[in-house]
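Student: Please take me through one part of this model in detail. I would like to look at the shell of residues around the ligand, and then at how that part sits in the rest of the chain.

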Amino acid sequence: PTADPQAGQAVKAADRAHVFHSWSAQGLIDPLAVAGAEGSYFWDYDGNRYLDFSSQLVNTNIGHQHPKVVAAIQEQAGKLCTVAPGFAVDVRSEAARLVAERTPGDLDKIFFTNGGAEAVENAVRMARVHTGRPKVLSAYRSYHGATAAAINLTGEPRRWASDTGTAGVVHFFGPYPYRSNFHAESEEQEGERALEHLEQLIAFEGPQSIAALILETVVGTAGVLLPPPGYLAGVREICDRHGIVFILDEVMAGFGRTGRWFALDHYGVTPDLLTFAKGVNSGYVPLGGVAISGEIAATFDRRPYPGGLTYSGHPLACASAVATMNTMAEEGIVENAARIGETVLGPGLREIAGRHPSVGEVRGTGVFWALELVKDAETREPLVPYNASGEANAPMAAFAAACKKRGLWPFVNMNRTHVVPPCTISETEAKDGLAALDAALAVADEHATA
Ligand code: PLP
């Protein structure tokens with residue numbers, strides 16, 4: 001990248017004048033002005049290049065500016081930029097077919113949205129209309145989006161300010177072996193006890209009042225929590241027994257992130273509804289959706305579906321999704337994510353953990369990893385308290401700054417750093433990123449007991 005600090009300052013000044021940012025105290029932020037991006041990197045106006053170990057918000061699975069996806073968007077823009085959702089359009093039909101081809105079971109009908117939250121919103125609506133029941137269950141330690149139902153379902157502090165009109169949402173604890181709520185001593189026990197907890201919660205809530213249960217197949221932002229063996233199958237069985245619609249949220253875990261097309265492919269579980277977004281087209285144009293089972297789709301055969309969006313199945317978004325899925329298949333990008341996870345990131349992160357007292361646990365698969373940073377590996381006390389900000393969060397802020405200084409853009413959440421690069425990342429890039437992470441962890445070690 002060529003440096004043009006003046007241009008960067010102008011971009012930032014205009015941003016600060018008029019752009020209102022997500023999740024931020026507007027007067028306290030200093031957004032980096034981004035000049036460009038390619039593959040696994042993006043760069044600023046000062047000549048700094050960053051290896052993107054965050055995939056932005058864990059969505060650029062195909063990397064930045066993939067030429068085939070860019071070309072598909074350009075070509076579609078020349079043909080048909082937009083058309084209302086009521087018409088049949090070639091790219092929309094093809095995008096739906098390509099998604100349905102990858103979903104398990106009979107999840108063969110696709111409702112397109114503009115992103116993940118709207119996908120969750122519509123999945124919940126479908127479940128409520130289908131069952132005629134009001135309640136929805138979701139896990140603590142989850143993120144499902146920032147619209148009305150999606151934020152209420154979310155199981156972390158970003159929900160708190162929106163805890164109005166939560167009618168019908170009930171949270172439960174999912175499995176988390178490293179910090180077990182169930183005093184479990186093994187992963188199996190954690191899974192079993194989490195199922196017992198869920199069963200009891202359903203009994204007390206009244207199964208006949210519960211429309212749906214939503215889970216991230218692999219919990220993303222809230223910790224890269226992989227379900228213990230048998231857990232998802234157990235949830236499926238509980239839902240079946242009580243006539244509860246089972247929704248798997250694959251917004252972050254889907255489209256290659258775990259080294260399979262969908263995270264559920266690792267577990268052999270088929271939900272009734274599957275929500276997706278992010279990796280379906282790497283966010284080149286906003287897109288999300290719900291894959292719908294035959295039984296739920298049939299509910300709306302003779303009765304109108306009470307939901308819709310002006311941009312449902314937007315041609316530019318669908319063209320980018322078609323190009324993304326085809327390119328990922330042609331170039332073996334999902335396989336690359338699996339291979340990099342198995343041969344570079346997994347072994348590399350475990351080796352790093354052995355050297356750093358601040359690393360309490362390494363967990364993940366594919367290009368979906370978390371390092372749990374702790375003050376003390378014995379007690380597992382987190383490096384910073386839950387939901388810390390300001391001074392209390394200083395150790396994590398210093399760690400993130402140390403990564404950036406070394407040209408690595410990290411994904412940091414509470415006391416964790418997630419290693420979530422694009423699925424296209426090369427072995428050399430992954431190793432470069434691990435070396436930068438290794439060096440930056442020395443800063444976290446200063447706050448940990450050796
Ligand atoms: N569901 C999951 C699992 C997510 O990770 C996210 C976003 O991070 C969402 C839903 C919300 O997606 P969006 O931000 O596109 O609305």
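Tutor: What follows starts at the ligand and works outward to the core, the domains and a few single residues.

A word on confidence comes before the details. This is a predicted model. The chain averages a pLDDT of 97. A score of at least 70 is reached by 100% of the residues. For the complex, the predictor gives an ipTM of 0.99 and a pTM of 0.98.

Now the ligand. The shell around it holds 16 residues. Gly115, Gly116, Ala117, Gly145 and Val251 come nearest. By class, the shell divides into 7 nonpolar, 7 polar and 2 charged residues. Helix α5, residues 116–131, supplies the largest share of the shell, with 3 residues.

Take Ala117 from that list. Ala117 lies in helix α5. Is Ala117 buried or exposed? Ala117 counts as buried because it has 24 C-beta neighbours inside 10 Å, and the cut-off for buried is 20 or more. Setting aside residues within four places in sequence, Ala117 is in contact with Gly145, Ala146, Thr147 and Ala150. Gly145 is also among the residues that come nearest to the ligand. His144 is a further reference point: Ala117 and His144 are 27 residues apart in sequence, and their C-alpha atoms are 6.2 Å apart in space.

Next, the interior. The largest nonpolar core has 129 residues. Within this core, Ala212, Leu213, Ile247 and Leu273 touch the most other members. Helix α10, residues 315–330, gives the core its largest share, 9 residues. Domain 1 and domain 2 each contribute at least three residues to this core. As background, nonpolar side chains tend to be buried together in soluble globular proteins.

Leu213 shows the packing in the core residue by residue. Beyond four places in sequence, Leu213 touches Leu137, Val235, Cys239, Ile244, Phe246 and Ile247. Ile247 is itself one of the core residues that touch the most other members.

Zoom out to the domains. Domain 1 is made of two segments, 5–65 and 332–445. Domain 2 runs over 67–330. Their C-alpha centres lie 25 Å apart. Contact between the domains involves 29 residues of domain 1 and 28 residues of domain 2. On the domain 1 side, at least two residues each come from α2 (55–58), α11 (333–355), β11 (359–365), β12 (368–376) and β16 (416–419). The largest share of that side, 5 residues, belongs to α11. By class, the domain 1 side divides into 12 nonpolar, 12 polar and 5 charged residues.

Strand β16 deserves a closer look. Thr417 is placed in strand β16. Thr417 counts as buried because 28 C-beta neighbours sit inside 10 Å. Leaving out residues up to four places away in sequence, Thr417 touches Leu371, Leu373, Phe399, Pro410, Phe411 and Val412. Thr417 and Arg257 are 160 residues apart along the chain, with 16 Å between their C-alpha atoms.

Beyond strand β16 comes a loop residue, Ser426. Ser426 lies in the loop between β16 and α13 (427–445). Ser426 counts as partly exposed because it has 15 C-beta neighbours inside 10 Å. Ser426 and Ser40 are 386 residues apart in sequence, but 8.6 Å apart in space, C-alpha to C-alpha.

Two backbone points remain, both with a positive phi. Val224 has a phi of about 45°, although it is not a glycine. Val224 is found in the loop between β7 (210–216) and α8 (231–242). Despite its place in a loop, Val224 is buried, because 29 other C-beta atoms lie within 10 Å. Arg380 is not a glycine either, and has a positive phi of about 65°. Arg380 sits in the loop between β12 and β13 (381–382). Arg380 is partly exposed, because 13 other C-beta atoms lie within 10 Å.

To return to the starting point: helix α5 gives the ligand shell its largest share, and Ala117 in that helix is buried.

Methods. Residues numbered from 1 in each chain as written. Predicted model: local features only at pLDDT ≥ 70, side-chain atom pairs only at ≥ 80, totals over all residues. Core = buried A, V, L, I, M, F, W, Y, C linked by C-beta atoms within 7 Å. Buried ≥ 20, exposed ≤ 12 C-beta atoms within 10 Å, placed from the backbone. Helix = DSSP H or I, 4+ residues; strand = E, 2+ residues; numbered from the N terminus. Domains from an automatic or database assignment. Contact = placed C-beta atoms within 7 Å. Nonpolar A, V, L, I, M, F, W, Y, C, P; charged D, E, K, R; others polar. Near = placed C-beta within 6 Å. pLDDT = per-residue confidence, 0-100.
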